[in-house]
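I opened the model to look up a ligand shell, a central strand and a helix. My entries follow.

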Amino acid sequence: MTDAITIKNLNYGYPEQGELFKDFNFSVQEGEWLAIVGHNGSGKSTLSKLVLGLLDFDKGEIDVFGQRLSEDTLASIRAQVGMVFQNPDNQFVGATVADDVAFGLENRQVPSKEMPAKIEAALQQVGMEAYAEREPHTLSGGQKQRVALASILALKPRVIILDEATAMLDPEGKQAVMATLKELKARYQDQLTLIMITHDMEEAALADRVAVINDGQLVFDEQPETLFLKGKQLEELGLAQPFAMALQSALGVTPATYRTKQELATWLSTLKA
Ligand SMILES: Nc1ncnc2c1ncn2[C@@H]1O[C@H](COP(=O)(O)OP(=O)(O)OP(=O)(O)O)[C@@H](O)[C@H]1O
């Protein structure tokens, strides 16, 4: 497997804040779905900004698909990595949904006659094709985030980083965005690497791997199934467990394997029987 992102001996601290990352090492495989979790201020967003070259780090190396991040490679790396941010209202530049998707394509100098098909295809992938002529402010938060995803997909990224992209959404919006991500992953498989920064452990449970960051340090790095068995340690790091695990722990049960909500319901019904 190819590394999508490799971080070696990274050192970074905001001016006047002291060191946040010290000799930080991490890698993400191509095609992986990775969740990054950690309490507020642990450094998750900073890490994604460093990868996108939005912050200058003091020491270390970041490679994206084998290209070393530097001033010379910045444009090429940014062309391969798309980012969806937390606030759905801060991501729109177009007067309509279609204009918004067109904006990125225009920046890439895509010929105007090729645009309508590309815009439609991108909106179809997130189930928003019926909204092409709508003004963004008339959409729900979840719909806005799906359009933000479409704007990125139109540019054929190899990596999408979602920085708390569902944090401001209601349950329905969250579910719609997560369902869209699952569909995209199923469709693109190894062609698409997803990095999801989140506080929501139910979301993290969908990832192949979860990295737990605490004050700039990688504390755990494993599959959700084994991570979620470390309930107490997660709580000590200021993280909630997924609901099904928290409920079992409240019931005094120490499960040998991770149970989803559905699996918990099935297990509880066998007890009742
Ligand atoms: N622009 C900035 N200038 C100075 N310090 C900053 C800046 N942005 C973040 N920090 C500090 O760096 C640390 C890491 O912040 P970061 O936003 O990366 O954390 P996070 O894990 O993404 O948090 P959250 O979950 O709250 O988004 C925090 O102590 C924060 O206060």
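For residue classes I count Ala, Val, Leu, Ile, Met, Phe, Trp, Tyr, Cys and Pro as nonpolar, Asp, Glu, Lys and Arg as charged, and the others, Gly among them, as polar. This is a predicted model: local features need pLDDT of at least 70, side-chain atom pairs count only at pLDDT 80 or more, and totals for chains, interfaces and linings use all residues. Residues are numbered from 1 along each chain as its sequence is written.

Ligand. I listed the residues around the ligand (C-beta atom, placed from the backbone, within 6 Å). They are Y14, Q17, L20, G38, N40, G41, S42, G43, K44, S45 and T46. The shell splits into two nonpolar, eight polar and one charged residues.

Strand β7. I took strands (E, at least two residues) and helices (H or I, at least four) as DSSP runs, numbered from the N terminus. Pairing needs at least two DSSP bridges. β6 (residues 81-84) runs parallel to β7, joined by four bridges. M83 has I161 of β7 as its bridge partner. β7 also pairs with β8 (residues 193-197), parallel, over five bridges. There I161 stands opposite I195. From β7 the chain passes through helix α6 (residues 171-188) to β8, a right-handed β-α-β crossover (clockwise from first strand over helix to second, with the strands pointing away from the viewer).

Burial. I called a residue buried at 20 or more other C-beta atoms within 10 Å of its own, exposed at 12 or fewer, partly exposed in between, with C-beta atoms placed from the backbone. Four of the five residues of β7 (residues 159-163) are buried, so the strand is largely enclosed by the rest of the structure. In helix α11 the number buried is zero of 12, so this helix lies largely in the open.
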